[in-house]
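Biologist: I'd like to learn how to read a model like this one. Could you walk me through it?

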Amino acid sequence: MDFLKAFIIGGLICVVGQILIDKTKLTPARILVTFVVLGVFLQLIRVYQPLVDFAGAGATVPLTGFGYNLCKGVEKAVSEKGFLGIFTGGFTASAAGISAALVFGFLVSIIFRSKPKK
Amino acid sequence: MKHEMTNQEYNEYIKKKTPNSKIFTNCIKAFIAGGIICVIGQCITALMKKWGLNQEDAGTYTSIILVFLGALLTGLDIYPRIAKFAGAGTVVPITGFANSVVSPALEAKTEGMVLGTGAKIFTIAGPVILYGILASWLAGIVYWIISLF
C-alpha cells in the first residue's frame, strides 16, 4: 500500500513538472529551482508535511521534497539556536544531498567520458 | 448527410488535437517514470528502516543512494536515454538533480579540473542551492519572528 501511494503521488508531482515543461517552455533547470522553492513554501504553510506522512518517498524523492527538507531543517535550527538557526538550518538539512551530488558527480565525471550527442 | 472535411478544416482539426494529445502522452510517461523512481526510493527507505534506522536517517540515506544511482546512470549514458522517453518523470526526482549535476561536469571535462569540472558541476546545482537556501533563509526569518511571540 505504501508503494502504491508513493507511486501515485510521486507520479503526479512529475506530471505537474511535465505540464510546466510543455505549456510554459520552462527549461529543466528552471523546473528544478521552481520545485525546490515550491517545496520550501508548501512546508512553510504546513501543506507538505501531511503529503509526506501520506506518501513517504512519493513526496520526498521529487525535488519539492528537497525544499521540504530545507524548510524543516531551518525550523528545527531556529527552535534550537534562535536567530543563528536562520543561517545554519538550510545547509544543515541539505548537507547530505548536496555532498552526495558533488562527490558522486565529481567521481563520475572523472571516471566516465562525455558521450557524443546524436 | 455525412460532412466531409476539406483539407483546411482537417489541418485545423489536427492542429487543435495534436499538441494536447502529445502533452497527455508525455504526462502519462512522466507519471509512470516518476512513480517508479519514487517506488524505488520507498523500497530503499523500507530496507533502511528494516536495518534499524529511524525515519529521518532512512530518508537521508535514500537521497544519497538515489543521487549515487542518478550520477552513475548518467555516466553510463543510460539516464539520458530514459530521460528522452520520460521527460519530467526523470527531471523532477532527486535522480534528475544528480543528472543535472553530472552532465555539465562531464561535458566540461576537457576544459580542465578547476574551471571545467569544478565550475561546471555547479551549472544547475548552483541555482538550485542558491534559491533553495534563499527560500529556507526567508522561511527561517518567518519561524524566528513567530518564535518571538
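Modeller: Sure, and keep in mind that this is a predicted model. Let's begin with the contact between the chains: it takes 65 residues from chain A and 63 residues from chain B.

Biologist: Which helices of chain A each supply at least two residues of the side that touches chain B?

Modeller: Those are H1 (2–24), H2 (28–44), H4 (57–60), H5 (63–81) and H6. H6(A) gives the most to that side, with 18 residues.

Biologist: How many nonpolar, polar and charged residues does the side of chain A that touches chain B have?

Modeller: It has 43 nonpolar, 18 polar and four charged residues.

Biologist: And how do I read a nonpolar core?

Modeller: The general idea is that in soluble globular proteins, nonpolar side chains tend to be buried together. Here, the largest nonpolar core has 73 residues, and those with the most contacts inside it include A:Leu32, A:Val36, B:Ala98 and B:Val101. Helix H1 (residues 7–50) of chain B brings the largest share of this core, nine residues.

Biologist: Leaving aside neighbours within four places in sequence, what is A:Val36 in contact with?

Modeller: On chain A, the partners of A:Val36 are A:Leu63, A:Phe66 and A:Gly67, and on chain B they are B:Val128, B:Tyr131 and B:Gly132.

Biologist: Now A:Lys115: why does it count as partly exposed?

Modeller: Burial is read by counting C-beta atoms within 10 Å: 20 or more means buried, 12 or fewer means exposed. A:Lys115 is partly exposed because it has 13 others within that distance. A:Lys115 sits in the segment after helix H6 (84–111) of chain A. Its C-alpha atom is separated by 42 Å from that of A:Pro50, 65 residues apart along the chain.

Definitions and conventions. Residues numbered from 1 in each chain as written. Chains lettered and ligands numbered in written order. Predicted model: local features only at pLDDT ≥ 70, side-chain atom pairs only at ≥ 80, totals over all residues. Core = buried A, V, L, I, M, F, W, Y, C linked by C-beta atoms within 7 Å. Helix = DSSP H or I, 4+ residues; strand = E, 2+ residues; numbered from the N terminus. Contact = placed C-beta atoms within 7 Å. Nonpolar A, V, L, I, M, F, W, Y, C, P; charged D, E, K, R; others polar.
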